[in-house]
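Take a look at the structure below. This report covers one pair of helices and two residues in loops.

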Amino acid sequence: SPPPPLAQNPTQNPKTLAIFAKFQLTPLRIMLGFPSMELQLTPLRSLPLHYRTTTKATATATANTVSACSVESQALKPRPQLPRQAPFHSRRRSSPVHFPSLCAAIERLVAEGRHREACDALRDARAGAPFVALPASTYDALVTAASALREAGSAAGVLWHMESSGFQPDQYMWNRVLGMYLVCGMLAEAREVFDGMPTRSRVTWGVMMGGLVDAKRPRGALALFRELWEELGVGAGPRVVVVAVRAATVLGSVHAGRELHCCVAKMGMCEDQYLPCALIDMYSKCGRIDEARRVFDGIPWRSVVAWNTMLAVYSLHGRSEEALDLYHHMCESGAGLDQFTFSTMLRIFSRLGLLEHAKQIHAGLIQSGLQMDIVGNTALVDLYCKWGQMEDARHVFERMPSRNLISWNALIAGYGYHGMGSKAIEMFERLLAEGIAPNHVTFLGVLNACRFSGFIDKGKRIFQLMTQNPKTKPRAMHYACVIELFGRQGLLDEAYSVIRKSPVTPTANMWGALLTAGRMNKNIQLARLAAEQLLAMEPQKVNNYIVLLNLYMNSGKRDEALTVVSTLKRAGLSMSAACSWITVKKKDHRFFFNDSLNPKSSEIYQRLDTLMEVIKELGYVIEEDELLPDILPDEQKTLKMFHSEKLAVAFGLISTSPSAPLTINQSHRLCHDCHNVIKFVTQVTKREITVRDASRFHHFKLGTCSCGDYW
């Protein structure tokens, strides 16, 4: 039986007019150039559901019925008859008429990525012949273009042309239209299409659920899965379950994830390649690492995707040692390694300081001819930068087939932290010359380079460039760089003025930069002000007390220093032991203050005694007023020659060849006395020594340091 007639004329239908206004569609009478005509075509998706599944003949009859009913119900005069001209609906062709040149042009534009021009060509087709259907391949290309543009108007225009021309989409095309609406954020319209589809496959359900997950509607996706489960049960298929697991992951509901895990067990889908990986990722995002590992261990055969997923879980949660152990098992199992494996392990090696392992992977990649993707190459650049191998980092960067902004930021920041300000600014200017827009991370890297190298004029110019762009307004971390930049030059009034006039609320980093400026320039009042602000903001951070303690010791105010120590004890805070380590022959050797656990302790102290005698003759004088984080005033009588970094340097000198450079890592800030000693050691031994402390890199060479004695 035919559907009931509409209650009003389509030209007066407020829903139709709202849809035209929402998606900026042109009424038919305007497109065809007949201003006297009153007929407007109502988009099919604005009609009730039963209108969407009618045949062409029924649709024509319905339209005539609607017109007649509207005239009778509203007492309107009949429209004037056009002279011997058939109605538009009756002129629709039963078989689509193609425009080969126009259709080929649209498909070519989409293939070339010129999506805007393709949609413009569709508008020309609508204006010229709105009732003529295009080939399915052309509609498929137009759906791709509208999805790429993510514009609701373009998406509505594509479906409008399909409906008005009488094109009958098949299951594939309905799924494509559904995905287009979801990508364009038209969730209500997508649900109308989903509910009105004559048939729905498992792909249809997956597309609808995936669109809801991408739109941050995971509960709606899970509700759809429950409907599908009630309808098909075990026939839902593993791909749809993967989408449901992803919804539980976005929702952060481990309860829903476990229910889905039970469904997987009942359906016997554990052998699917992707479903266990989705479960591992879900448990990981919900913080259940052990359960994720149990899923991994239960996989009957593990693909490289499964191994990579578990490696990513350990990397995400900072379990670097477990990730390294799993990587060794992966290599022993014979599973192939891909680009994602290398990218993940490079981050692990960087975190663990296993530079030699990273170099072995890099060499293996070069020998095998396997090119890493942009993520892996960027991770390799970042690793080399973090461990002082700037020439290797630059070499990898220059050989990258393609780069993104993250790649540029990694190299610029690396040059900055190693005191190579000129090269950092050079790369920044090259980035601008290539038309790449810098972001906040880029500006932070280049401003750090200016402050570490003392380029005050260039730093001011770059900061001003940043403030002129509303998209890159400076944040607190950028103001901290400028404060330290002024402090390095002794411009303390300007440094304090930055804090007072800053539009952002002063942070701990900003006050810390001012504290460094006051301490290095021996301005006790300014340093004390900054230290007090830091203690108020971070009362549980031990390092703030240590800085204030050293500040009082350097100023000869031992009573105030003892007060700080008493405050530490009352707060129940303890200072962790300072640790330094050096890697020799792929093995880490750790040292603590006054350490005697190393098998070569007697040789270490003997070499250290000899060095101290030599550098004293060159003018070295011990500094008595500075403390390490693990040394209190009552322990000050202990000789400073027993600091952990000095022991690590002495061990490196006796354990390596006379010309080999040394790299020392430590968990604390390098003290002034050790900094001074290492400068003299490089002058005596002609060795290059790099110290990576808690704040930056120090490159010592022939009695000088890259930090310029300011850190």
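What follows describes a helix pair and then two loop residues in a predicted model.

**A pair of helices**

Start with helix 13, residues 238-251, and helix 14, residues 254-267. Their axes lie 9 Å apart. The two helices pack at an angle of about 160°. Angles over 145 degrees count as roughly antiparallel, so helix 13 is roughly antiparallel to helix 14. The crossing of helix 13 with helix 14 is left-handed.

Which residues of the two helices make the contact? Helix 13 contributes V241, A244, V245 and A248. Helix 14 brings A256, G257, L260, V264 and M267. Eight residues of this contact are nonpolar and one is polar. No charged residue takes part in the contact.

**Two loop residues with positive phi**

Now turn to K522 and L702. K522 has a positive phi and is a residue other than glycine. L702 also has a positive phi, although it is not a glycine. The table gives the values.

| Residue | Phi | Loop between | Relative accessible area |
|---|---|---|---|
| K522 | near 55° | helix 29 (508-520) and helix 30 (524-537) | 75% |
| L702 | about 50° | strand 5 (697-701) and strand 6 (704-705) | 54% |

Is K522 buried or exposed? K522 is exposed, with a relative accessible area of 75%. Exposed means over 50%, so L702, at 54%, is exposed as well. K522 sits in a loop between two helices, while the loop of L702 lies between two strands.

Methods:
Residues numbered from 1 in each chain as written. Predicted model: local features only at pLDDT ≥ 70, side-chain atom pairs only at ≥ 80, totals over all residues. Heavy atoms only, no water. Axes fitted to C-alpha atoms, helices over the stretch in contact; angles between N-to-C directions. Helix = DSSP H or I, 4+ residues; strand = E, 2+ residues; numbered from the N terminus. Parallel < 35°, antiparallel > 145°, perpendicular 65-115°, else oblique. Left-handed = near helix turned anticlockwise from the far one by under 90°. Contact = heavy atoms within 4.5 Å. Nonpolar A, V, L, I, M, F, W, Y, C, P; charged D, E, K, R; others polar. Buried < 20%, exposed > 50% of the residue type's maximum accessible area, 1.4 Å probe, protein only.
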